[in-house]
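Student: I should like to learn how to read the features of a structural model. May we work through one together?

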Amino acid sequence: MNISLDRLVRGAKEGKIISFPTDTVPGMATIPTKAELIYVAKQRSLDKPLILMGAEPESLWEYVKGSDQEYEIWQEVVNRYWPGALTLVLPASDKVPRVMNPQDP
């Protein structure tokens, strides 16, 4: 079955869990506040935090904490390498729901 991107995005925004193709294995996603759905569906251990993905950096910055200088550096990296296969490991802000990393103190 072929499902449109609009339908997938709508489902995620409604708090449903969705599946989509990636360059390796199928991915699962939902809005951050419904992250527990992914733990349940995958029978994933709570000691394995989830990742936060976004189509553009502007949708992610509120979930990151850092100094103005750090944000500048991160934005430069994003401007240079995005779109593309880019992974950044950045400090999470208080906006990241605890359910995405239940073991975090």
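Student: Is Glu 62 buried, partly exposed or exposed?

Tutor: This is a predicted model, and burial is judged here from relative accessible area, where under 20% counts as buried and over 50% as exposed. Glu 62 has a relative accessible area of 42%, so this residue is partly exposed.

Student: What does the side chain of Glu 62 meet in a salt bridge?

Tutor: The general idea is that side chains of opposite charge can pair when their charged atoms come close. In this structure the partner of Glu 62 is Lys 95, with an N to O distance of 2.8 Å. Glu 62 lies in the loop between helix H2 (36-42) and helix H3 (68-81), and Lys 95 lies in the segment after H3, so the pair ties together parts that are 33 residues apart in sequence. Lys 95 is partly exposed, at a relative accessible area of 44%.

Student: How many salt bridges are there by this rule?

Tutor: The count is two. Besides the pair just described, Glu 14 forms a salt bridge with Lys 16, with 3.2 Å between the closest N and O atoms. Glu 14 is partly exposed, with a relative accessible area of 48%, and Lys 16 is partly exposed as well, at 47%.

Student: Which side chain has a polar atom 2.8 Å from the backbone oxygen of Glu 62?

Tutor: A residue may take part through its backbone as well as its side chain, and both should be inspected. Here the polar atom belongs to the side chain of Ser 93, a residue placed in the segment after H3. Ser 93 is buried, because its relative accessible area is 13%. Leaving out residues up to four places away in sequence, Ser 93 touches Glu 62, Tyr 63, Val 64 and Lys 65.

Student: Which residues make up the largest nonpolar core?

Tutor: That core has five residues, namely Ala 35, Ile 38, Tyr 39, Leu 50 and Met 100. To read such a core, one may take a single member and list its contacts. Ile 38, with neighbours within four places in sequence set aside, is in contact with Ile 17, Met 28, Ala 29, Thr 30 and Leu 50.

Student: Which element has the lowest mean pLDDT, and which the highest?

Tutor: Confidence should be read for the chain and then for its elements. The chain has a mean pLDDT of 88, and 98% of its residues reach 70 or more. Among the elements, helix H1 (residues 5-13) has the lowest mean, 87, whereas H3 has the highest, 94.

Conventions:
Residues numbered from 1 in each chain as written. Predicted model: local features only at pLDDT ≥ 70, side-chain atom pairs only at ≥ 80, totals over all residues. Heavy atoms only, no water. Core = buried A, V, L, I, M, F, W, Y, C linked by side-chain atoms within 4.5 Å. Buried < 20%, exposed > 50% of the residue type's maximum accessible area, 1.4 Å probe, protein only. Contact = heavy atoms within 4.5 Å. Salt bridge = Lys/Arg side-chain N within 4 Å of Asp/Glu carboxyl O. Helix = DSSP H or I, 4+ residues; strand = E, 2+ residues; numbered from the N terminus. Polar contact = N/O pair within 3.5 Å; in protein donor to acceptor, adjacent residues only side chain to side chain. pLDDT = per-residue confidence, 0-100.
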